[in-house]
Amino acid sequence: MNDTPKTGSGATKLTKLAKGRQRLPDVTGTNLEQSRIFNRRLIFEALYQSGPLSRVDVAKRVGLTPQTVSGITRELLDQQFIVETGRSQGQRGQPQIYLGPNPVAGFSIGIHLDRNRVVMVVCNLLLDVIGRKTWTGDTRDPEPTLKHIAGLADELIAEAAIPREKIWSMGLVLPTLDDDIYDFATKQPGWDAWANVPVAQRLKDLCGLTVLVENDATAAAIGEHFARSDKDKRNFAHLYIGYGVGAGMIIDGMPLKGVWGNAGELGLLPFQPKRTRDNGEPPIIDSVLSLNGIAKALEWTIEDADAAAADLSILADLHSQRDLRLSSWMEEAGLCLRFLAAILESTIDPEFITVGGSLPSSIVAALVERAYPLHRSLSERKDRRWPRLVVGELTDDAPVIGAASLPIFVNINPNFRHLYIRQLGDEQHPFEQAPRG
């Protein structure tokens, strides 16, 4: 089933975005099939985020009638998307049956493609990692790299012993690559050949699985959202530090993307105007708060930075030894982090900001500490009960877990018509299948 809304003539109506991307327009009017999908997703999301719950609990949470909840949960049980997890004991009246998501109802594969490194995981529906692959090698040429990723995916599926037909799709995370549409170069070194490659389609051709693509910062924020125990916190930002720095922003439980998909590209902001480049322009944040910034401070080659990204113990050891050059970088990077926190707090008013990236957790924690005291903002409230800037729960694993989250996120989120991350066309979403019989 294609859930794209139709016009009166039955033709698909889409809104064109840059580079041929498309998004669905807002939906108006009544459509019973759309309502069915929305209610299924709404109920399943409540069970996924807060279960186990009884049907009465679900009805109270989502605002649907008990009869509607009962009918949909019966469908979900018959299709084995959810399972009974227990019954209430010692209460008056008929015991309540508690329901929760079935961990093996579906699986997803997450892939984080970074410069000369690939990390891949396979997860069950609850995002428990049941298999992992890591590969380091030359990623400059797209075709052999994608073929190698496809081979690793086959190995991962075989080793995890999961049915291929139960894999909802693959999530692929990589840096933003399209710099040919801008008036200046934006790509990191090593990605020149990737700019015009239809990555999702090519990987789908090689693997036979639908591929969802997202940038590393936004995926890291989605992964952090799924991983947190306080999933009721639906408005936060995640700063991801890699070869550059970017922010993934979760607003009302949804990723904020912007009209061109570039929301959160904070690394291009100028920093400390009194310091200038040779041409008189101030340095950008990407040149400071990043692996590239560390490499410059330590007088490393980019290959040295690649090695440090693949083996976090390299930087962790330098940090534990109180390396003077690294310590000097951390002082400046901490100021950058403070600056970015002020911008995010003033623009999106988050509940908190998390920090992670291709760095040892000890360095991430030290950067957060150096960012304090934060600049004054309206986030500084008397009723605040949690810190404004914290270390992320996933740190360096956030992008790959975020990648594995994409298929689940796209399939179960009730606000699916407003998701930027989606495949348009005739793709079948497993969760939208009508019950048989």
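**Why these labels? Questions on a predicted model**

Modeller: Thr145 is found in helix α4 (residues 142-160). A helix here is a DSSP run of H or I, at least four residues long; a strand is a run of E, at least two long; both are numbered from the N terminus. This is a predicted model: local features need pLDDT of at least 70, side-chain atom pairs count only at pLDDT 80 or more, and totals for chains, interfaces and linings use all residues. Residues are numbered from 1 along each chain as its sequence is written, and side-chain values use heavy atoms, with hydrogens and water left out.

Colleague: Why does Thr145 count as buried?

Modeller: Its relative accessibility is 2%. Buried means under 20% relative accessible area, exposed over 50%, and partly exposed in between (1.4 Å probe, protein chains only). So Thr145 is buried.

Colleague: What does the side chain of Thr145 have a polar atom close to?

Modeller: The backbone oxygen of Asp141, at 2.8 Å. A polar contact is a pair of N or O atoms within 3.5 Å; within protein, one must be able to donate a hydrogen and the other to accept it, and residues adjacent in sequence count only if both atoms are side-chain atoms. Beyond four places in sequence, Thr145 also has contacts (heavy atoms within 4.5 Å) with Leu113, Asp138, Thr139 and Trp194.

Colleague: Why is strand β9 described as largely enclosed?

Modeller: It spans residues 167-174, and 8 of the 8 are buried, so the rest of the structure largely encloses it.

Colleague: How do you know which strands pair with β9?

Modeller: By counting bridges. Two strands pair if DSSP finds at least two bridges between them. Strand β6 (residues 107-114) runs parallel to β9, joined by 6 bridges. There, Phe107 stands opposite Ile167. Strand β10 (residues 211-215) is also parallel to β9, over 5 bridges. Leu174 has Asn215 of β10 as its bridge partner.

Colleague: What makes β13 and β15 edge strands?

Modeller: Their sheet is open, with 5 strands in the order β13-β12-β11-β14-β15 and mixed pairing. β13 (254-255) and β15 (389-391) each pair on one side only. Helix α6 (residues 216-227) packs on that sheet, touching β11, β12, β13 and β14 (352-357).

Colleague: Is Arg228, in the loop between α6 and β11, buried or exposed?

Modeller: Buried; its relative accessibility is 9%. Arg228 touches Phe352, Thr354 and Glu393, residues up to four places away in sequence not being counted. Arg228 and Glu393 are 165 residues apart in sequence and 6.9 Å apart in space, C-alpha to C-alpha.

Colleague: What charged partner does Asp323 have in reach?

Modeller: Asp323 is buried and has no salt bridge. A salt bridge is a side-chain nitrogen of Lys or Arg within 4 Å of a carboxyl oxygen of Asp or Glu. The nearest side chain of opposite charge is Arg325, 4.0 Å away. For charge, Lys and Arg count as positive and Asp and Glu as negative; His and the chain ends are not counted. The backbone of Arg325 does take part: its nitrogen lies 3.0 Å from a polar atom of the Asp323 side chain.

Colleague: What caps the N-terminal end of helix α7?

Modeller: Ser290, with a side-chain oxygen 3.3 Å from the backbone nitrogen of Asn292. The buried residues of α7 (residues 291-298) are Leu291, Gly293, Ile294, Ala295 and Leu298. They pack against α8 (302-310), α9 and α10. Just after α7, Glu299 takes a positive phi of about 60°.

How values were computed:
Axes fitted to C-alpha atoms, helices over the stretch in contact; angles between N-to-C directions.
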